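Morning, everyone. I have one structure to walk through, so let me put it on the screen.

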Amino acid sequence: MPHLTIDYSPNLEADIDMAAFCNHLRIAAIDTGVFPVAGIRVRAFAASHVSIADGDPQHGYIDISIRLRAGRLQERKDSATRAIFAAAKTFLEPIMQRRSLALSMEMRDIDPELSPKCGTIRDHMQKADQ
């Protein structure tokens, strides 16, 4: 399970289709081959209040946080981090060329002993595949 959370400045909503960006990152995560498809969750939240850099209200930011259950090899996590960040940059490049935008991302492990899980998504995915 990777959970991708996008925290962004609300002044980007006129320029970025966040639903499309979420979907783009979901596909990028699948394409890495590192994560189980059924476990991928992508969500985006606009910050209620922001103050960025020199205070110019035109500045924007997107911060992507990826949390995943511990146990994957470091080189696979490195590769996935590079691929997902590259996908984000590609999607956002046209916007970054015309406006002030900071993009950041962090991937971190979750201790499986402290993160219980249950769900039926896999059951329903199997039914859809039949």
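From the N terminus on, the elements run β-α-β-β-α-β-α. That comes to 3 helices and 4 strands. Keep in mind that this is a predicted model.

Overall dimensions next. Along its principal axes, the C-alpha trace spans about 50 × 30 × 25 Å. The chain has 130 residues, and 35% of them count as buried. Now the contacts between residues at least 6 apart in sequence: 83% of these join residues at least 24 apart.

On to the core. Which residues have the most contacts inside the largest nonpolar core? They are F21, F35, I62 and I64, in a core of 26 residues. Several elements give two or more residues to this core. From the strands, we have strand 1 (2–8), strand 3 (60–69) and strand 4 (101–110). From the helices, we have helix 1 (18–32) and helix 2 (74–98).

Take I62 as an example. Leaving out residues up to four places away in sequence, I62 touches I6, D7 and Y8, then L12, I16, M18 and F21. Further along the chain, I62 also touches L92, L101, A102, L103 and S104.

Now the helix pair. How do helix 1 and helix 2 run relative to each other, parallel or antiparallel? Their axes come within 9 Å and cross at roughly 150°. Angles over 145 degrees count as roughly antiparallel, and therefore helix 1 and helix 2 are roughly antiparallel to each other. The crossing of helix 1 past helix 2 is right-handed.

Who makes that contact? On helix 1, it is A20, F21, H24, L25, A28, A29 and T32. On helix 2, it is R76, A80, A83, I84, A87, A88, F91 and L92. By class, that gives 12 nonpolar, 2 polar and 1 charged residues. F21 shows up here in the helix contact, and F21 was also among the core residues with the most contacts.

Last stop, M125. This residue sits in helix 3, residues 121–129. Is M125 buried or exposed? Neither: the relative accessible area of M125 is 33%, so M125 is partly exposed. The cut-offs are under 20% for buried and over 50% for exposed. Leaving out residues up to four places away in sequence, M125 touches V37 and A38. One distance to finish: M125 and H49 are 76 residues apart in sequence, and 38 Å apart in space, C-alpha to C-alpha.

That's my tour. Over to you.

How values were computed
Residues numbered from 1 in each chain as written. Predicted model: local features only at pLDDT ≥ 70, side-chain atom pairs only at ≥ 80, totals over all residues. Heavy atoms only, no water. Core = buried A, V, L, I, M, F, W, Y, C linked by side-chain atoms within 4.5 Å. Buried < 20%, exposed > 50% of the residue type's maximum accessible area, 1.4 Å probe, protein only. Contact = heavy atoms within 4.5 Å. Axes fitted to C-alpha atoms, helices over the stretch in contact; angles between N-to-C directions. Parallel < 35°, antiparallel > 145°, perpendicular 65-115°, else oblique. Left-handed = near helix turned anticlockwise from the far one by under 90°. Nonpolar A, V, L, I, M, F, W, Y, C, P; charged D, E, K, R; others polar.
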